[in-house]
Amino acid sequence: SHPRHERRCAMIRHLVLLSGIPGSGKSRYVAERFGGVPHFCESVRGFITRAAGSPTVEIVSADALFVGEDGVYRHDPSRLGEAHNKCVASVTFWAVSSDDNPANHVIAPADVVVLDNTNTTAIELAPYVALAAAFGIPCSLVTVECDPETAFKRNAHGAPRETVLAMHAALQARVLPPYWDLVRETYVAGG
């Protein structure tokens, strides 16, 4: 392999892409799989403090932009582009940073970075799959399945029924490129 592409001390060991409609159980999956890790990494430099001895897990979510200083979630559709751009910037930061850079010694490497967004289409997943491939980071796609009516009733952000149903249809119709190097996993959320 070319020396420029060797990642001896990467800041991220694994990228997990969550996919599922609002209310499907993505946050439940994170809590069960990673032990109730705090939910939001608010910006590229807004890192979460980790419990000693636990795997280092960073959660990146577009929802973080919509949580005010008072802790209340206020969705603003006009800022969705900004929210998703911040997610790409955060994952890019983890992908390109390394322990070899003295500027990064103020933070610990992450064993896992979890992208906690709906990601119902291949277009939404593409930037993250490309980053993982470009930097040799193992990548998993966890699709959280749930009945859309159940998800609508329990979605915490008030997504309209029509939106949840349309996202469910998009997720069911999603076709991923066969050349994507992903470990694919399905998580069925309980009611």
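Which residue does Glu82 meet in a salt bridge through its side chain? The partner is Arg79, and the N to O distance between the two side chains is 3.0 Å. That pair is a convenient way into this structure, which is a predicted model, and the sections below move from the overall fold to the strands, the salt bridges, the largest pocket and two individual residues.

## Overall fold

The protein contains 5 helices and 5 strands, and, read from the N terminus on, these elements follow the order β-α-β-α-β-α-β-α-α-β. Of the 191 residues in the protein, 42% are buried.

Among the contacts in the protein with a separation of 6 or more, 74% are between residues that stand 24 or more positions apart. Several of the pairings described below give examples of how separate elements come together in the model.

## Strand 4 and its partners

Strand 4, which covers residues 139-145, has 6 of its 7 residues buried, so this strand is largely enclosed by the rest of the structure. Strand 1 (residues 15-19) runs parallel to strand 4, and the two are joined by 5 bridges. Strand 5 (residues 183-188) also runs parallel to strand 4, in this case with 6 bridges between them.

Thr143 offers a useful point of reference for both pairings. On the side of strand 1, Ser19 has Thr143 in strand 4 as its bridge partner, while in strand 5 the residue that stands opposite Thr143 is Thr186.

## Salt bridges

How many salt bridges does the structure hold? There are 3, and the pair of Glu82 and Arg79 is one of them. Glu82 is partly exposed, with a relative accessible area of 34%, and Arg79 is likewise counted as partly exposed, at 30% relative accessibility. Another salt bridge is formed by the side chains of Arg74 and Asp70, with an N to O distance of 2.5 Å. Arg74 is partly exposed at 45% relative accessibility, and Asp70, with a relative accessible area of 48%, is partly exposed as well; the cut-off for counting as exposed is over 50%, so Asp70 at 48% does not reach it.

A further salt bridge joins Glu149 to Arg161, whose closest N and O atoms are 2.3 Å apart. This pair links distant parts of the chain, since Glu149 belongs to helix 4 (residues 148-154) and Arg161 to helix 5 (residues 161-173), with their positions 12 residues apart in sequence. Glu149 has a relative accessible area of 24% and is partly exposed; because buried means under 20%, Glu149 does not count as buried. Arg161 is partly exposed too, at 35%.

## The largest pocket

The largest pocket has a volume of about 700 Å³. Its lining is made up of 31 residues, and those that lie nearest the centre of the pocket are Pro22, Asp63, Tyr73, Thr118 and His157. By residue type, the lining divides into 10 nonpolar, 15 polar and 6 charged residues.

Which helices each supply at least two residues of this lining? They are helix 1 (26-34), helix 2 (80-96) and helix 5, and helix 1 gives the most, with 3 residues.

## Two residues worth a closer look

Asn119 is placed in the loop between strand 3 (112-115) and helix 3 (122-134). Its phi is near 45 degrees, a positive value in a residue other than glycine. As background, most residues other than glycine have a negative phi. Asn119 is also counted as buried, at 3% relative accessibility.

Glu185, by contrast, has its place in strand 5 and is partly exposed, with a relative accessible area of 32%. When its neighbours within four places in sequence are left aside, Glu185 is in contact with Tyr29, Arg33, Leu141, Val142 and Thr143. For one of these, Leu141, the separation in sequence is 44 residues, although the C-alpha to C-alpha distance from Glu185 is 6.2 Å.

Key. Residues numbered from 1 in each chain as written. Predicted model: local features only at pLDDT ≥ 70, side-chain atom pairs only at ≥ 80, totals over all residues. Heavy atoms only, no water. Salt bridge = Lys/Arg side-chain N within 4 Å of Asp/Glu carboxyl O. Buried < 20%, exposed > 50% of the residue type's maximum accessible area, 1.4 Å probe, protein only. Helix = DSSP H or I, 4+ residues; strand = E, 2+ residues; numbered from the N terminus. 1 Å grid on protein atoms, 1.4 Å probe; cavity = no way out; pocket = protein on both sides within 12 Å on 5 of 7 lines; lining within 4 Å. Points joined across faces, edges and corners; volume = space filled by probe spheres on them. Nonpolar A, V, L, I, M, F, W, Y, C, P; charged D, E, K, R; others polar. Pairing = 2+ DSSP bridges. Contact = heavy atoms within 4.5 Å.
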